[in-house]
Amino acid sequence: MRIFKEEQRFNQTWIIVLLVLSAIIPSVIITNRYLENSESLSTAEFIGTLSIVVIATGLIFFFKLSTRIDEKGIYYKFFPFQFKPKLIEWQEINKAYVRNYDAITEYGGWGLKGGALWNKSKGRAINVSGDIGIQLQLKNGKKLLIGTQKKEEAIRVLEAYKIKLNTDV
């Protein structure tokens, strides 16, 4: 019995730099406004506004993509949007393989992507970084790409469960 497990978070340097800058700029503006005219904001409003900026900026660090592949099928959970793992059983899958993709041009970026607001023919994507994913083509015609940083391990485990599919992996 082979099991694949992976957890990914948004921890790319460019995202951290962008988020820090996006928090610093409004924080400086709010602080300057408060220091220049303390009557414009009460102390509670000032602290509350700064807290909202910091919390909103830090929320992305709570996001986590969890993937598991085992004898039952492929599980995924993208916290905080999903609290329980979603299972796609092997008998629901027509084809499963690892492929390279372009997150921006194919799905509009990283996160929960695809569907109604983007290129429907590509299906949905759940990813946090990189350009490698586990592509699923389901028997109901839907497509789902789950991002991975463990390409070789994912290929090996999909190969091990190829027998569960009625087609090649």
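This briefing describes the sheets, helices and some individual residues of one protein model. The model is predicted. Four strands form one open sheet, in the order E1-E2-E3-E4, and five strands form another open sheet, in the order E5-E8-E9-E7-E6. Helix H4, which covers residues 151-160, lies across strands of each sheet.

**The four-stranded sheet**

- The pairing in the sheet E1-E2-E3-E4 is antiparallel.
- Strand E1 (4-8) and strand E4 (86-89) stand at the edges of this sheet; each has a single partner strand, so one side of each is left without a neighbour in the sheet.
- From one strand to the next, the twist averages 10°.
- E1 and strand E2 (residues 64-69) run antiparallel and are joined by five bridges.
- Within this pairing, Glu-7 has Ser-66 in E2 as its bridge partner.

**The loop between E3 and E4**

- Pro-80 is found in the loop that lies between E3 and E4.
- The peptide bond leading from Phe-79 to Pro-80 is cis, and its omega is near 15°.
- As a general background, most peptide bonds are trans.

**The five-stranded sheet**

- The sheet with the order E5-E8-E9-E7-E6 is open, and its pairing is mixed.
- Its edges are strand E5 (93-100) and E6; because each has a single partner strand, one side of each is left without a neighbour in the sheet.
- Neighbouring strands of this sheet are turned against each other by 20° on average, with direction ignored.
- E5 pairs with strand E8 (residues 132-138) in the antiparallel sense, over seven bridges.
- The bridge partner of Ile-93 is Leu-138, which belongs to E8.
- Strand E6 (residues 111-114) and strand E7 (residues 124-127) also run antiparallel, and four bridges join them.
- Lys-113 has Ala-125 in E7 as its bridge partner.
- By contrast, the pairing of E7 with strand E9 (residues 143-147) is parallel and extends over three bridges.
- Ile-146 in E9 stands opposite Ile-126.

**Helix H4 and the sheets**

- In the five-stranded sheet, H4 lies across E5 and E8, and the helix runs at about 160° to E5.
- In the four-stranded sheet, H4 lies across E1, E2 and strand E3 (73-79), and the helix runs at about 145° to E1.

**Helices H1 and H2**

- Helix H1 (residues 13-36) has 24 residues, which at 1.5 Å a residue should span 34 Å; its end C-alpha atoms are 34 Å apart, so the two values agree.
- The buried residues of H1 are Ile-15, Leu-19, Ala-23, Ser-27, Ile-30 and Tyr-34.
- These buried residues of H1 pack against H2.
- Ile-55 has its place in helix H2, which comprises residues 43-58.
- The relative accessible area of Ile-55 is 55%; because exposed means over 50%, Ile-55 is classed as exposed.
- Ile-55 and Ala-23 are 32 residues apart along the chain, and their C-alpha atoms are separated by 9.5 Å.
- Ala-23 is one of the buried residues of H1, whereas Ile-55 is exposed.

Terms used:
Residues numbered from 1 in each chain as written. Predicted model: local features only at pLDDT ≥ 70, side-chain atom pairs only at ≥ 80, totals over all residues. Heavy atoms only, no water. Pairing = 2+ DSSP bridges. Helix = DSSP H or I, 4+ residues; strand = E, 2+ residues; numbered from the N terminus. Buried < 20%, exposed > 50% of the residue type's maximum accessible area, 1.4 Å probe, protein only. Axes fitted to C-alpha atoms, helices over the stretch in contact; angles between N-to-C directions. Contact = heavy atoms within 4.5 Å. Expected span 1.5 Å × (residues − 1).
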